[in-house]
Amino acid sequence: MKLRREPSNVAWRSAAIDLLRVDDDNPELVRAQVEVLSRQLPLLLFICLINSWALAWTHYSVAPGLLAIGYPALITLGYCVPAWTWIGASYRPPAHDEACKLLQHAVVQAPIATSISIAWALSLLRYGDSYAQGHVIFTIGITVTSCIFCQLHLRPAVLLVAFTTAVAFLGLALTTDRPVFVVISLSMLLALAAMVYIALIFWRDFTTKIEFQKELAASQRENLLLANIDMLTQLPNRRQFFAKLQDLLRLLGGGGSFVIGAIDLDGFKAVNDLYGHVAGDRLLAEAGRRLMKISDVGTFFARLGGDEFGVIAQMDVNDENVRSLGSRICEALQAPFELQDGGVTISSSVGLAIYPKAGLTEERLFECADYALYHAKRRNRGRAVVFSLEHEGEIREAAILELCLREADFDKEMSLHFQPIVEGPGERVIAFEALARWRSPKVGPVAPDVFIRIAERSEMMSRLTQTLLRKALASVSQWPEHIGVTFNLSARDLASGESVANIIAILAASGISPGRIDFEVTETALMQDVSQARDALQELKAFGVGIALDDFGTGYSSLGYIRQFPIDRIKIDRSFIKDVEADPSCRAILKSVVDLCKNLQITCVVEGVETSSQWEALIELGCTTFQGYFFGKPMPADEAARFIDARQPVAEPL
Ligand code: C2E
Ligand code: CA
Ligand code: CA
């Protein structure tokens, strides 16, 4: 195939046009040129004026007066407009189109002004003595040099000024009969060539600098975008969420109203665990898309991290609107998610707080939304909860309790109650669950799930666990060897190698056989940091204690977890037992869990048995190990000792 070559004159012409045109499709370059030239061109015009008036002054007496001062007078008036325009541009940068026009005018004016100015100066050459002639040549030289250096940022102007000057000096060299003018002209041509060379290098460096700045600005823009967008869901990220919240608070300044919400996917961790991280990521991306779909004007969704999302909605905050926002979010996330291995259904819990009712600062508002979310997760899973006055009271109460707990003497104020765990139809006591009790001298008895939650939120939990464990082991040491103890651990106890080491040290110091001790952990505690929790449990197991999965059925309830952790027992939550006699579906679930445990060779303890009919129904389902008020309520240590004595198998008469 033959390539069609452009005729060389066409190529030359387009190269020449390229050299002489203003690059109007490069806005950054045009802006930078105008910025520099708006300072340099007024200066150049001033230099030209001074040089012209100086030349007029030296020639006024020798040349015709009109010729000498006519040109300087003309340009004094004529330069006013461009000088004014360029000075104005330095104060108020023009828009792109206007800037291009300004540059194009400068390019056209440069050779015209240069040729008129040189023609005028050369016309004075024939008047006056050689000093005056020297002044003419000096003026042309200095003016042209100023023209070139003041317009280095406008390549076409430099080239046209140089060309015009070169033509003028070539003409002088060819027409003069004075050898000195020939030499001066040739020197001028040489100097012009050098100046053009320098100008071209300068132009290359200038445009490279602008390109670099352009790329830098683009990458800064991209970085800014990356810093504010969550790449997985394409939603704004936590940083942008709080920046938006801050901006909104600043804008409203105490007036107006909006809703802020915290959204958490229930069961997401189970999906991640069972189907893998790729499926988890896909679910999150789809959740982001669904949230984006329901977002309308004034509603702003963001991914705050993990499976937590946030929403800020500017709206008329009446009950109906707020409730409708919550249910729209829950409904959007309830529909099945299509993953590679089929569809999964999860739900979402939402906590909402209303500005300014709930608070005026970003921390307070988010805290309230988070508290409402916590409530939704505990009591209204899959629903939206709006932060209320009742929650406000709970937060205040929790703050008072936290203060009391911080000041508490754990050794004196904390004690344990023990609840029997029985086996078989003969209700043989095999162990007791140790349950913490706190009687504060200031606020009286506090429910364990309340103070444990407060302790868990702070660094107090490890210290509390250590005190309680020592007390539990002291009681166990009084019991017969075949009776064990189960002790509850919290997420904090599993969160560091140090707290596990402390627990093991206490166990070792007690001298009690590790085989008599079980630690109970909940799924929620394990899920806080799966690999750390696994390491912690493995360390405890290596010491010889047993591990029980507590409250099974209230969390993600996936037996898939069990295989990931060294678990010996599961404890089925009492919420499953309530309706065991009346509800066939409840029985079916229990039956399948019991069978699965048998297959996995895991003991299954049923909690919360309150009546004999529940017990009988559970025995029918194949359950063997029980705990509940029906067998014995949690009791102080001395009562537990008496309970054991009363149930001691009576020795057969010899
Ligand atoms: P949990 O570990 O699930 O403990 C069982 C709870 O169910 C106990 O409540 C017990 O009194 C109650 N219970 C037992 N049988 C029945 C029954 O038949 N019917 C009903 N309605 N309830 C029954 P308690 O003692 O109030 O403890 C509440 C929670 O506090 C515990 O739930 C556990 O999560 C936490 N907790 C208690 N002691 C400790 C501790 O020493 N450390 C840690 N980390 N948590 C503890
Ligand atoms: Ca427990
Ligand atoms: Ca339990």
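This report walks through a predicted model, from its ligand to its surface, its salt bridges and a few points of its backbone.

## Around ligand 1

A good place to begin is ligand 1. Its shell consists of 23 residues, and the closest are Gln419, Ala436, Arg574, Glu610 and Tyr629. By type, the shell holds 10 nonpolar residues, 5 polar residues and 8 charged residues.

Three side chains can be picked out for the way they meet oxygen atoms of the ligand. Arginine 437 has a side-chain N or O atom 3.0 Å from an oxygen atom of ligand 1. For aspartate 551, a polar side-chain atom lies 3.1 Å from an oxygen atom of ligand 1, and for asparagine 488 a polar side-chain atom is found 3.2 Å from an oxygen atom of the ligand.

How much of ligand 1 does the protein bury? Taken alone, the ligand exposes 790 Å², and the protein buries 85% of that. Four elements give two or more residues each to the shell: β9 (428-440), α16 (448-457), α17 (460-476) and β13 (546-552). Strand β9 gives the most, with 4 residues.

Aspartate 551 deserves a second look. This residue is found in strand β13, one of the elements that give two or more residues to the shell. Aspartate 551 has a positive phi of about 55°, although it is not a glycine. Its relative accessible area is 25%, so aspartate 551 counts as partly exposed.

## A nonpolar patch on the surface

Away from the topic of the ligand, there is a patch to find on the surface. Phe149, Tyr197, Ile198 and Ile201 make a nonpolar surface patch of about 380 Å². Which helix gives the most to this patch? That is helix α8, residues 179-228, with 3 residues. Tyrosine 197 is found in helix α8. With a relative accessible area of 56%, tyrosine 197 is exposed, because the cut-off for that class is over 50%.

## Salt bridges

Across the whole structure, a search finds 29 salt bridges. The table shows three of these pairs, with the distance between N and O atoms.

| Acidic residue | Basic residue | N to O distance |
|---|---|---|
| Aspartate 266 | Lysine 377 | 2.6 Å |
| Aspartate 266 | Arginine 381 | 3.9 Å |
| Glutamate 459 | Arginine 406 | 3.2 Å |

Aspartate 266 appears with two partners, lysine 377 and arginine 381. Is aspartate 266 buried or exposed? At 6% relative accessibility, aspartate 266 counts as buried, because the limit for that class is under 20%. Its partners fall in another class: lysine 377 is partly exposed, with a relative accessible area of 23%, and arginine 381 is partly exposed at 39%.

Where do these residues sit along the chain? Aspartate 266 lies in strand β1 (residues 258-266) and lysine 377 in helix α13 (residues 362-379), so their salt bridge ties together parts that are 111 residues apart in sequence. Arginine 381 lies in the loop between α13 and β7 (384-386), so its pairing with aspartate 266 in strand β1 ties together parts that are 115 residues apart in sequence.

The pair of arginine 406 and glutamate 459 also links distant parts of the chain. Arginine 406 belongs to helix α14 (residues 389-407), while glutamate 459 is in the loop between α16 and α17, and the two are 53 residues apart. Arginine 406 counts as partly exposed, at 39% relative accessibility. Glutamate 459, with a relative accessible area of 54%, is exposed.

There is a group to look for as well: Arg21, Asp23, Asp24 and Asp25 are linked in a network of salt bridges.

## Points of interest in the backbone

Two loops invite a closer look. What form does the peptide bond from tyrosine 355 to proline 356 take? That bond is cis, with omega near 5°. Proline 356 has its place in the loop between β6 (347-355) and α13.

Glutamine 234 has a positive phi of about 65° although it is not a glycine. This glutamine is found in the loop between α8 and α9 (238-252). With a relative accessible area of 44%, glutamine 234 is partly exposed.

Terms used:
Residues numbered from 1 in each chain as written. Chains lettered and ligands numbered in written order. Predicted model: local features only at pLDDT ≥ 70, side-chain atom pairs only at ≥ 80, totals over all residues. Heavy atoms only, no water. Near = heavy atom within 4 Å. Polar contact = N/O pair within 3.5 Å; in protein donor to acceptor, adjacent residues only side chain to side chain. Areas by Shrake-Rupley, 256 points an atom, 1.4 Å probe, with all protein chains shown as cover. Nonpolar A, V, L, I, M, F, W, Y, C, P; charged D, E, K, R; others polar. Patch = residues over 30% accessible without salt bridge, like charges linked within 9 Å, V, L, I, M, F, W, Y side chains within 5 Å. Salt bridge = Lys/Arg side-chain N within 4 Å of Asp/Glu carboxyl O. Buried < 20%, exposed > 50% of the residue type's maximum accessible area, 1.4 Å probe, protein only.
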